[in-house]
Amino acid sequence: MKKTRVLLADDHKIVLEGLRSLLEPEFEIVGAVEDGRALVAEAKRLSPEVVVADISMPGLNGIDAAKQIRKIDAHIKIVFLTMHADVSYAVSAFEAGASGFVLKHSAPQELITALREAVQGRTYVTPMIAGDLIGSYQKGSLQQGELKAALSPRQRRSCSFWRRGNPLRRPPPC
């Protein structure tokens, strides 16, 4: 049986190695990168079936990288694995073409489930935020997501830098 080809992207080497160990029994890991620009380049070069990407990465954030990947090949599935539990991140991820959104606080099996769902052409949202995400769509209260979409890539990188420098404080709405 042919294994699904997966490209990994996270700015922490230890996370990449952990993901490789977790996923290799079922998936073929074709590459691992540590920034968004490398992710776009490797997605173009390697043509994976699925990308597992973090949102906060240097150079180019995961959401902007996903938008570029979708322009290169709309068939590549993208599953975000992130620490960002705020619904506005999930909204931005799905607007960028994501097939899945999983929190790093989730059980490892949840990522495998999300990948399986993506391969089958379905969408997966971590149960930790699924209710809030649906509620946001029902209420039409996606102001933070709309604000984030209006920010330039430079502004988003600046927000990412601010968050990394102040891990104990709540980041601005960007």
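The side chain of threonine 82 reaches the backbone nitrogen of histidine 84 at 3.1 Å. This distance belongs to a predicted model, as do the other values in this report.

**Threonine 82 and its surroundings**

Threonine 82 lies in strand 4, which spans residues 77-82. Its relative accessible area is 0%, and because buried denotes a value under 20%, threonine 82 is classed as buried. When neighbours within four places in sequence are set aside, the residues in contact with threonine 82 are Asp54, Ile55, Phe101, Val102, Leu103 and Lys104. Leucine 103, in strand 5, is also the bridge partner of threonine 82.

**Strand pairing and crossovers**

Strand 4 pairs with strand 5 in the parallel sense, over four bridges. Between these strands the chain passes through helix 4 (residues 87-95), and the resulting β-α-β crossover is right-handed. Strand 5 also pairs with strand 6 (residues 124-125), again in the parallel sense, over two bridges. In that pairing, glycine 100 stands opposite tyrosine 124 of strand 6. The chain reaches strand 6 from strand 5 by way of helix 5 (residues 108-119), and this β-α-β crossover is left-handed.

The two pairings are set out below.

| Strand pair | Sense | Bridges |
|---|---|---|
| Strand 4 and strand 5 | parallel | four bridges |
| Strand 5 and strand 6 | parallel | two bridges |

**Burial of strand 5 and helix 4**

Strand 5 (residues 100-103) is covered on both faces: Gly100 and Val102 are buried on one side, and Phe101 and Leu103 are buried on the other. Of these residues, Phe101, Val102 and Leu103 are in contact with threonine 82.

Helix 4 is mostly covered as well, with eight of its nine residues buried. The buried residues are Val87, Ser88, Tyr89, Ala90, Val91, Ser92, Ala93 and Phe94. Just after helix 4, glycine 97 adopts a positive phi of about 105°.

**Confidence of the model**

The mean pLDDT of the protein chain is 84, and 78% of its residues reach 70 or more. Two segments have lower values. Over residues 142-152, pLDDT stays under 50, and the model has 18 contacts beyond four places in sequence for this segment. Over residues 157-174, pLDDT likewise stays under 50, and here the model has 23 contacts beyond four places in sequence. Where pLDDT is low, predicted coordinates should not be read in detail.

Terms used
Residues are numbered from 1 along each chain as its sequence is written. This is a predicted model: local features need pLDDT of at least 70, side-chain atom pairs count only at pLDDT 80 or more; totals for chains, interfaces and linings use all residues. Side-chain values use heavy atoms; hydrogens and water are left out. Buried means under 20% relative accessible area, exposed over 50%, partly exposed in between (1.4 Å probe, protein chains only). A polar contact is a pair of N or O atoms within 3.5 Å; within protein, one must be able to donate a hydrogen and the other to accept it, and residues adjacent in sequence count only if both atoms are side-chain atoms. Contact means heavy atoms within 4.5 Å. Two strands pair if DSSP finds at least two bridges between them. A crossover is right-handed if, with the strands pointing away from the viewer, the path from the first strand over the helix to the second runs clockwise. pLDDT is the predictor's confidence in each residue, from 0 to 100.
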